[in-house]
Amino acid sequence: MNQLEKSDRLSIFYDTHAHLDYPEFAQELPTVIARAQAAGIAKIISIGTDLESSKRATKLAEQFPSVFAVVGWHPSNAMEAPDDFRPALRELALQPKVVALGETGLDYHRLPSASLKAKVQTSQTPPATDARLQQEDERYKQKQAELFRQHLEVAAELRLNCVIHQRDSLEDTVAQLEPFADRVRVVFHCFANDAATMQRIVALGSLVSFTGILTFKNGQNIRDTLAATPLDQFMLETDCPYLAPVPYRGKRCEPAYVKEISHVAAQVKACSLEELSRATCATAEKFFQRL
């Protein structure tokens, strides 16, 4: 066994963002978790995306010792959320293996106006006016913002942190976070912004997290950001079943593949796998305090 193989076997990592309740895993979840354990992925955090998904995540955490849950409502599903999600969120968060709230945040990547325009192009639907399109987009953004605020309020109340989903909405996301920054820490999951943005987030007392994109041939910008990120200010995740790292790109992702992500991360940070393991696991344990 060479030094790299020995280091690989000794190094433990966590998958801090997975969607184990998704149908892609339904037929073989115990096997998927066993493969993660065999690869040295000691703990997995399963993330809820609405009420039912969050309930499933908590049940998985009860069923599997290495699995923990984050509960919340994804911003892309905001229009289906109740007007006040806080009572259900509080109830979910009281379960002992719930380690944070989320994923929550703002996502402006696919606004209703784009969907309405597409329907017009493929059907006999009369075109909507620009004013109506703008109105639909604003209603969608307002619903996301209200749902995001509810997560932050409950997090502050219960002294939990939040997992943030942000896409094409950085300034509005940071603006909503700032009033809570002294009470709630957050992690920007699947981080794909530049080093300057990372520094803004770290200055708020919060963290970033990197996925398999780190390993992609066209992921040099992500590697550059990781290189600039302090060793104790980031975590690793798969976001499975999405974003499988090289050499599995294009296939279903799973928690065991944190190992491949860790190899690239260690190269970028010019540190050993043991050093990366200690740093990222300690950061996760400090952020997810029930972990």
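In this predicted model, the largest cavity is lined by Thr16, His17, Val163, Val187, His189, Ser209, Glu237 and Phe288. That lining breaks down into 3 nonpolar, 4 polar and 1 charged residue. As for volume, the largest cavity comes in at about 30 Å³, and the structure holds just 1 cavity of 30 Å³ or more.

Next, the strands. Strand 4, covering residues 98-107, is mostly tucked away, with 10 of its 10 residues buried. On one side of the pairing list is strand 3 (residues 67-71), which runs parallel to strand 4 and is joined to it by 3 bridges; here Val70 has Ala100 of strand 4 as its bridge partner. Strand 4 also pairs with strand 5 (residues 162-167), again in a parallel arrangement, this time through 5 bridges. One of the residue pairs involved is Asp107 with Arg167 of strand 5.

Then there are the cysteines. A disulfide is a covalent bond between the sulfur atoms of two cysteines, and the structure holds 0 of them. For Cys162, the closest cysteine sulfur belongs to Cys190 and sits 18 Å away, so the two are too far apart for a bond. Cys253 is in no disulfide either: its nearest cysteine sulfur, in Cys240, is 5.4 Å away, whereas a disulfide calls for sulfur atoms within 2.5 Å. As for exposure, Cys162 is buried, at a relative accessible area of 0%. Cys253 likewise counts as buried, because its relative accessibility is 0%.

Key. Residues numbered from 1 in each chain as written. Predicted model: local features only at pLDDT ≥ 70, side-chain atom pairs only at ≥ 80, totals over all residues. Heavy atoms only, no water. Buried < 20%, exposed > 50% of the residue type's maximum accessible area, 1.4 Å probe, protein only. 1 Å grid on protein atoms, 1.4 Å probe; cavity = no way out; pocket = protein on both sides within 12 Å on 5 of 7 lines; lining within 4 Å. Points joined across faces, edges and corners; volume = space filled by probe spheres on them. Nonpolar A, V, L, I, M, F, W, Y, C, P; charged D, E, K, R; others polar. Helix = DSSP H or I, 4+ residues; strand = E, 2+ residues; numbered from the N terminus. Pairing = 2+ DSSP bridges.
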